[in-house]
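Subject: Handover of a structure and notes on its salt bridges

Dear colleague,

Please find below the structure I wished to pass on to you. My notes follow it, and I would be grateful if you would read them alongside the coordinates.

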Amino acid sequence: MSLGAALGLTGLTLEAPTLWSWSSLGSIAKADEVTDPFQVWDPAADQVAARLLADGSIPAVNAAWDSWRLNKDPLPSGMPDYLVSYLQQVNKLPAWADRSKLSRAQTLYKRLSGYLFISESLGSGFLSTVIPREARSVYWSAGGADMQDRAAKTFTFGYDLHHEDAFDPEGAFITSANKTRLVHAMVRNLLPLSPRFQATTDQPSPISNGDILVTFHSVGTVAWKNMRKWGVRYWSADQAADLHAWQVALSLLGVQDQFIPQTWKDAEEQAEQMLWPRVAPTVEGNALAEMLLDAVAGLGTELSTGFVSEMVRYLIGDTYWRWLELPADLAARALIKVNWPLYVAFREGLSLVAPSSFNLFDGFVRGISMLYLNNGSSTTHTPITLPSANRPGS
């Protein structure tokens, strides 16, 4: 199945996942090996998470993390020695990180932030609800009980990645990535204790290296496609820098080098095997999509639920939108189809005439960004904290 089909641009034919065959020759490791990333987890982080659960340190760690925000911040006091030791090993860029590419990516993201808010936060946010493993992991974990808060924390990760200081001392992404890696480890320890999750899962533990890569493709690879499809100024050097920022992000999240794509072509080929054949509707995913729609529609703007739903449809395609049983608004559908390309063209300097709907789309972009930032009350940050339990009743 092609990426175009997966995005609803052509007819869709679902495929069953096949035996893993992607070679790590296409990875940054460049080693000719075939290892299934869905059978690889993050043992170092998982062991730390297990100890935190066992000794009851999670409230103290979350309190200590309040002062640990920027990349330059020292590791806070008040944490167990074993956690400090672990963080001292991982709280840094990988040795192969290219500072010049990261700098270019930071400049690029400053220019593309509005488009990325729409593609990654709205489009990929709803796309995640038709990825069964991700939808079930989110729904049955603590975050699934409060989707606006969970989305805000996810957006903090994306905001910090795309900030102009992301990888610099004044930025926050290295810190956010390490906090997120430990959140994943906590979920891997907690969800196997949930009977409701265990009744739906097809894997011994959630959030494998493969699952993290699936999320990357549903966010980063899809955004890469959208920037080109929408006619955004996005030169080859920009694309390489964008991918490198994601490569570093994946490494910081505990993904092994042998799985991290070397080029966007390698990423596309990987996504064709690991993402698009695995999408499907689920009860949990549809429930999450309904909660997300209610949250986005409550932006405090005059935009209707129908408009938001049709923008989701425009971003993820007809098939997935129908799976989610979102409401239709034919007038909004026609407006978006005609005016979103005009909005982008004007913003990119390809048209001298602003569309009549320019203010509507501009306000929508700002509203989306605020929605995911501390439940709409902060302009920059929602604290990332460790969970200590699953969804109530799970």
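Does Asp 202 count as buried or exposed? At a relative accessibility of 56%, Asp 202 counts as exposed. Please bear in mind throughout that this is a predicted model.

Confidence

The chain has a mean pLDDT of 89, and 90% of its residues reach 70 or more. Residues 1-15 call for separate mention: pLDDT stays under 50 there, and the model has 34 contacts beyond four places in sequence for this segment.

Salt bridges

The structure contains 19 salt bridges. I describe several of them below.

Asp 202 takes part in one of them, its side chain meeting that of Arg 133 at 2.9 Å, N to O. The two residues come from distant parts of the chain, 69 residues apart. Arg 133 belongs to helix H6 (residues 132-140), while Asp 202 sits in the loop between helix H9 (195-198) and helix H10 (209-229). Arg 133 is partly exposed, with a relative accessible area of 22%, whereas Asp 202 is exposed.

A second salt bridge joins Lys 225 to Glu 268, with 3.1 Å between the closest N and O atoms. Lys 225 lies in helix H10 and Glu 268 in helix H12 (residues 264-274), so this pair ties together parts that are 43 residues apart in sequence. Lys 225 is partly exposed, at a relative accessible area of 24%; Glu 268 is likewise partly exposed, at 24%.

A third pair consists of Glu 310 and Arg 333, whose closest N and O atoms are 2.9 Å apart. This salt bridge also links distant parts of the chain: Glu 310 is in helix H14 (residues 305-316) and Arg 333 in helix H16 (residues 330-347), 23 residues apart. How is Glu 310 classed, as buried or exposed? Glu 310 is buried, because its relative accessible area is 1% and the cut-off for buried is under 20%. Its partner Arg 333, at 23% relative accessibility, counts as partly exposed.

Finally, which residues are linked in a network of salt bridges? The network comprises Arg 104, Arg 111, Arg 233, Asp 238 and Glu 348.

When you inspect the structure, you may wish to begin with the three pairs described above and then turn to the network.

With kind regards

Key. Residues are numbered from 1 along each chain as its sequence is written. This is a predicted model: local features need pLDDT of at least 70, side-chain atom pairs count only at pLDDT 80 or more; totals for chains, interfaces and linings use all residues. Side-chain values use heavy atoms; hydrogens and water are left out. A salt bridge is a side-chain nitrogen of Lys or Arg within 4 Å of a carboxyl oxygen of Asp or Glu. Helices (H or I, at least four residues) and strands (E, at least two) are DSSP runs, numbered from the N terminus. Buried means under 20% relative accessible area, exposed over 50%, partly exposed in between (1.4 Å probe, protein chains only). pLDDT is the predictor's confidence in each residue, from 0 to 100. Contact means heavy atoms within 4.5 Å.
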